[in-house]
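Thanks, everyone. Have the sequence and the fold in front of you, and I will walk through the parts worth a look.

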Amino acid sequence: MIKIHCLAYSRAFRLIWLMEDMGQPYDLVQYDRTDQFHAPDALKKVHPLGKSPVLEDGDLMLAESATCLRYLVDKFGDKTHRPQGAPDDIRHEELLDYVEGSFAGVCMDVMIPILKGDEPSDAARGKLRKHLNYIDQHLPRTGLLFGETACLADIQFSYLLANLDGNGFLDSHPRIKMYWGDLQEQPGFKAATNIAGPMAPDP
């Protein structure tokens, strides 16, 4: 059985969402954060980087969320969380990698100062605004990225949007804020919240 190591308020939420969507059984191991909001030492015993998520399937161990999501849909032969056919299929793969590639670093540049009680720099805010404008231009007028069902890229976006919205960064981009609201209405999102708690802490 798949085992998911889930740190509170972490990207592991994405894997729980997908497994719940697919109706597949899994073993969930949960970890609380320290008073400094760090991962506990117990996670370092699971993976050398002490990060979350970590997915175990027999002797296989994976620790990058996009790779874990792709692995799970391939393992279970799921056809509902990826667009089928060009050009949407390759566009989806680009967005899936974009979230943790280009976008995540920009988000962390504004979020880390806030976690430390500081204000993000004007440069960091400007970079974030540029990326939010980019995302805004590529969202459909309504709904999710590629239809009514959350695809892997939608699930991947959710963690960063949760943290940005909790600190008011989506207020200037109403279409993205609406998209984030649509994601929260997805059955898998609701199930994962009931199981693992909220995706992001209260600001």
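Start at F37. With 28% relative accessibility, F37 counts as partly exposed. This is a predicted model, so keep that in mind throughout. Y9 is partly exposed too, at 29%.

These two belong to a set. The structure holds nine aromatic pairs. Y9 and F37 make a stacked pair, because their ring centres are 5.9 Å apart and their planes sit at 20 degrees. Where are the two partners? Y9 is in the loop between β1 and α1, while F37 is in the loop between β2 (26–31) and α2 (41–44). So the pair ties together parts that are 28 residues apart in sequence. F37 also has a charge over its face: R33 lies there, at 4.2 Å from the ring centre. K75 does likewise over the face of F76, at 5.8 Å from the ring centre.

Now another pair, W17 and F189. Stacked or edge-to-face? Edge-to-face, because the planes are at 85 degrees, with ring centres 5.6 Å apart. W17 lies in helix α1 and F189 in helix α8, so this pair ties together parts 172 residues apart in sequence. W17 is buried, at 0% relative accessibility. F189 is buried as well, at 8%.

One more aromatic item. Y98, F103, Y134, F157 and Y179 form one cluster.

On to the core. In soluble globular proteins, nonpolar side chains tend to be buried together. Here the largest nonpolar core has 58 residues. Which members touch the most others? F103, L128, F157 and L164. Several helices and a strand feed this core: β1, α1, α3, α4, α5, α6, α7 (174–184) and α8 (187–196) each supply at least two residues. The largest share, ten residues, comes from α4. Take L128 up close. Beyond its sequence neighbours within four places, L128 is in contact with F103, V106, C107, V110, L164 and F169. There is also a second, separate core of six residues, including L7, L43, V46 and A63.

Next, the cysteines. How many disulfides does a search of the whole structure find? Zero. For C107, the nearest cysteine sulfur belongs to C151, 17 Å away. C107 is buried, at 1% relative accessibility. C151 does no better: its closest cysteine sulfur, in C68, is 17 Å off, too far for a bond. C151 is also buried, at 3%.

Helix α3 now, residues 65–75. Its buried residues are S65, A66, C68, L69, R70, L72 and V73. They pack against β1 (2–7), α1 (13–22), β3 (54–57), β4 (60–62), α4 (88–115) and α6. Note the arginine in that list. R70 counts as buried because its relative accessibility is 17%, and the cut-off is under 20%. Leaving aside neighbours within four places in sequence, R70 is in contact with R82, E93, L96, D97 and L152. After α3 comes G77, with a positive phi near 65 degrees.

Last stop, L144. It lies in the loop between α5 (122–138) and α6 (152–166). Buried or exposed? L144 is buried, at 5% relative accessible area. Not counting residues up to four places away in sequence, L144 touches T149, A150, D154, Y179, D182, L183 and Q186. One of those, Y179, is also in the aromatic cluster from earlier.

That is the tour. Over to you.

Conventions. Residues are numbered from 1 along each chain as its sequence is written. This is a predicted model: local features need pLDDT of at least 70, side-chain atom pairs count only at pLDDT 80 or more; totals for chains, interfaces and linings use all residues. Side-chain values use heavy atoms; hydrogens and water are left out. Helices (H or I, at least four residues) and strands (E, at least two) are DSSP runs, numbered from the N terminus. Buried means under 20% relative accessible area, exposed over 50%, partly exposed in between (1.4 Å probe, protein chains only). Contact means heavy atoms within 4.5 Å. A disulfide is a pair of cysteine sulfur atoms within 2.5 Å. A nonpolar core is a set of buried Ala, Val, Leu, Ile, Met, Phe, Trp, Tyr and Cys residues joined through side-chain atoms within 4.5 Å. Rings of Phe, Tyr and Trp (its six-membered ring) pair if their centres lie within 6.5 Å; planes under 30 degrees apart count as stacked, over 60 as edge-to-face and the rest as tilted. A charge sits over a ring if NZ of Lys or CZ of Arg is within 6 Å of the ring centre and within 35 degrees of the ring normal.
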